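Colleague: Got a minute for this chain? I'd like to go through the salt bridges and the packing with you.
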Amino acid sequence: MSITRKRLTPDESRASALEAARALLIENGPQAVTLKAVAARMGRTHANLLHHFGSAAELQGALAGSIAEQVCETIAGVVLKARQGEADPRTIVEMTFDAFDQQGAGGLCTWMIMSGNQDALNPILDAIHKLMDQLSIGEEDGLMLAMGDALLGAPMARALGLPRGAARDIAHQILMASPGMQKRMAAHEAG
């Protein structure tokens, strides 16, 4: 008995590959996101993924961009709620740090850069700049803290005798001290 596979459109195939790659990233780390592993996960061939992405680096870049877009959409919603007084600005910090840490974006970007892909951060930076432009946010310091925390946060906090959330606390302080947030808080209190 032969197995029949559903024929996917190019967009469906790419989306399925990115979903499989994201699962591998979260489960096994960035080194697990290979064309062969992703193809096996989706029940497709290595050649099929080469057709859609061209290389492992392009797949990884597309994955980084996909993660960034999803995270930025979520953060945008929380930022808008925070501006209306419906959400705590700390939630923005927590979501950003979790995106880099728990969702694997920090590890993926670092692994790609260490593997020689110097353009690894471009999809994430593009999504972040788009979000900042959309929401009129200009503070990027917290993003650098989130990336660093995803990579070295736990061991550095232990080594320095700091609480695990120290970098998140600093990012929250930076956000709250930013001119844009100060202006929004003053307007909210006055209104």
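Colleague: Let's start with E94. Is E94 buried, partly exposed or exposed?
Modeller: E94 is partly exposed, at 26% relative accessible area. Buried means under 20% relative accessible area, exposed over 50%, and partly exposed in between (1.4 Å probe, protein chains only). Before we go on: this is a predicted model, where local features need pLDDT of at least 70 and side-chain atom pairs count only at pLDDT 80 or more, while totals for chains, interfaces and linings use all residues. Residues are numbered from 1 along each chain as its sequence is written, and side-chain values use heavy atoms, with hydrogens and water left out.

Colleague: OK. Which side chain meets R168 in a salt bridge?
Modeller: That of E94, with the closest N and O atoms 2.4 Å apart. R168 lies in helix α9 and E94 in helix α5, so this pair ties together parts 74 residues apart in sequence. A salt bridge here is a side-chain nitrogen of Lys or Arg within 4 Å of a carboxyl oxygen of Asp or Glu. Helices (H or I, at least four residues) and strands (E, at least two) are DSSP runs, numbered from the N terminus.

Colleague: And R168, buried or exposed?
Modeller: R168 is buried, with a relative accessible area of 11%.

Colleague: What about E94 and R90, how far from N to O?
Modeller: 2.8 Å, in a salt bridge between the two side chains. E94 and R90 are 4 residues apart in helix α5 (residues 89–101), so about one helical turn separates them. R90 is partly exposed, at 22%.

Colleague: Which other side chain meets R90 in a salt bridge?
Modeller: D169, at 2.9 Å, N to O. D169 sits in helix α9 and R90 in helix α5, so the pair ties together parts 79 residues apart in sequence. D169 is partly exposed, with a relative accessible area of 34%.

Colleague: Which residues are in the network, then?
Modeller: Salt bridges link R90, E94, D98, R168 and D169.

Colleague: How many salt bridges in the whole structure?
Modeller: The search finds 6.

Colleague: Charge count?
Modeller: There are 17 positive and 21 negative side chains, and the centres of the two sets lie 8 Å apart. Lys and Arg count as positive, Asp and Glu as negative; His and the chain ends are not counted. Each charge is placed at NZ of Lys, CZ of Arg, CG of Asp or CD of Glu.

Colleague: Switching to the fold. How many helices and strands?
Modeller: 10 helices and 0 strands. The C-alpha trace spans about 70 × 40 × 30 Å along its principal axes.

Colleague: What share of the residues is buried?
Modeller: 39% of the 191 residues. The chain exposes about 10900 Å², and carbon and sulfur atoms supply 57% of that. Accessible areas come from the Shrake-Rupley method with a 1.4 Å probe; for residues, only the protein chains shown count as cover.

Colleague: And contacts across the sequence?
Modeller: Of contacts between residues at least 6 apart in sequence, 66% join residues at least 24 apart. Contact means heavy atoms within 4.5 Å.

Colleague: Give me a core example. Where is F53 found?
Modeller: In helix α3 (residues 46–53). F53 is buried, with a relative accessible area of 3%. Not counting residues up to four places away in sequence, F53 touches R14, A17, L18, E58, L59 and A62. F53 and L18 are 35 residues apart in sequence and 10 Å apart in space, C-alpha to C-alpha.

Colleague: And I75, what is it in contact with?
Modeller: Leaving aside neighbours within four places in sequence, I75 is in contact with I92, M95, T96 and L131. I75 is in helix α4 (residues 56–83) and is buried, at 7%.

Colleague: Last one. Which residues form the nonpolar patch on the surface?
Modeller: L151, L152, M156, L160 and L162, with about 470 Å² of accessible area together. Patches take residues with over 30% relative accessible area and no salt bridge, joining like charges within 9 Å and nonpolar side chains (Val, Leu, Ile, Met, Phe, Trp, Tyr) within 5 Å. L162 is in the loop between α8 (141–160) and α9 (166–177). L162 counts as partly exposed because its relative accessibility is 44%.
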